[in-house]
Amino acid sequence: SITRKKLQKEFGLNIRRLRQDRNWTLEETEEHGWVSWRHLQQIESGQKNVTLETIIKLEGFLKLGHQTY
């Protein structure tokens with residue numbers, strides 16, 4: 001069974017991979033007004049619980065389909 005913490009970590013790693021695949025820095029997320037780079041850094045490391053609102057913002061920034069999660 002997958003724990004909440006493991007799910008957060010896995011989600012964060014996927015977000016990091018998608019961001020890096022696009023050659024984007026953490027700072028570019030803040031420049032575009034999606035989420036602060038510190039917030040994204042915490043998400044990517046699995047330290048931050050992600051709200052639905054943040055997921056929607058990330059989806060818009062990364063131009064993801066819902067199935068990517």
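Select lysine 63, just after H4: this residue takes a positive phi of about 55°. The model is a predicted one, and the backbone angle at this position is a suitable place to begin. Most residues other than glycine have a negative phi.

**Helix H4**

Step back from lysine 63 into the helix before it. Colour Thr54, Leu58, Glu59, Phe61 and Leu62, the buried residues of H4. Viewed down the helix axis, they lie on the same side of H4, because the arc they cover is only 165°. Now display H1, H2 and H3 as well, since the buried residues of H4 pack against these three helices. Then turn to the face of H4 that points away from its buried side, where the exposed residues Leu52 and Glu53 are found.

**The whole chain**

Zoom out to the full cartoon. The chain holds 4 helices and 0 strands, and its elements follow the order α-α-α-α from the N terminus on. Colour by accessibility next: 29% of the 69 residues of the chain count as buried. With the surface switched on, the accessible area of the chain is about 4,800 Å², and carbon and sulfur atoms contribute 50% of that area. A contact map would add a further view. Among contacts in the chain with a separation of 6 or more, 57% join residues 24 or more positions apart.

**Helix H1**

Select residues 4-21, which form helix H1 with its 18 residues. From first C-alpha to last, H1 reaches 26 Å, close to the 26 Å expected at 1.5 Å a residue. Within H1, highlight Gln8, Phe11, Gly12, Ile15, Leu18 and Arg19, which are buried. They fall on the same side of H1, because they cover an arc of only 125° around the axis. To see what covers these buried residues, add H2 (26-31), H3 (37-44) and H4 (52-62), which are included in that cover. Rotate to the face of H1 turned away from its buried side, and Lys6 and Asp21 appear there as exposed residues.

**The loop after H1**

Where does asparagine 23 lie? Its place is in the loop between H1 and H2. Select this residue and inspect the backbone: asparagine 23 has a positive phi of about 60°, although it is not a glycine. Is asparagine 23 buried or exposed? With a relative accessible area of 67%, asparagine 23 is exposed, because exposed means over 50%.

**Where H1 meets H3**

Show H1 and H3 together. Two packed helices are described by the angle between their axes and the distance between the axes. For H1 and H3, the packing angle is about 125° and the axes are 7 Å apart. The two helices are therefore oblique to each other. Display side chains at the contact: H1 contributes Gln8, Phe11, Gly12, Leu13, Ile15, Arg16 and Arg19, while H3 contributes Leu40, Ile43 and Glu44. Of the H1 residues in this contact, Gln8, Phe11, Gly12, Ile15 and Arg19 also belong to the buried set of the helix.

**Glutamine 41**

Finish in helix H3, where glutamine 41 is found. Its relative accessibility is 39%, so glutamine 41 counts as partly exposed. Draw a distance from the C-alpha of glutamine 41 to that of arginine 16: the two residues are 25 apart in sequence and 8.6 Å apart in space. Arginine 16 is one of the H1 residues that make the contact with H3.

Definitions and conventions
Residues are numbered from 1 along each chain as its sequence is written. This is a predicted model: local features need pLDDT of at least 70, side-chain atom pairs count only at pLDDT 80 or more; totals for chains, interfaces and linings use all residues. Side-chain values use heavy atoms; hydrogens and water are left out. Buried means under 20% relative accessible area, exposed over 50%, partly exposed in between (1.4 Å probe, protein chains only). Contact means heavy atoms within 4.5 Å. Accessible areas come from the Shrake-Rupley method with a 1.4 Å probe; for residues, only the protein chains shown count as cover. The expected span of a helix is 1.5 Å times one less than its number of residues. The arc is that of the directions from the helix axis to the C-beta atoms. Axes are lines fitted to C-alpha atoms, for helices over the stretch in contact, and angles run from 0 to 180 degrees between N-to-C directions. Angles under 35 degrees count as roughly parallel, over 145 as roughly antiparallel, 65 to 115 as roughly perpendicular and the rest as oblique.
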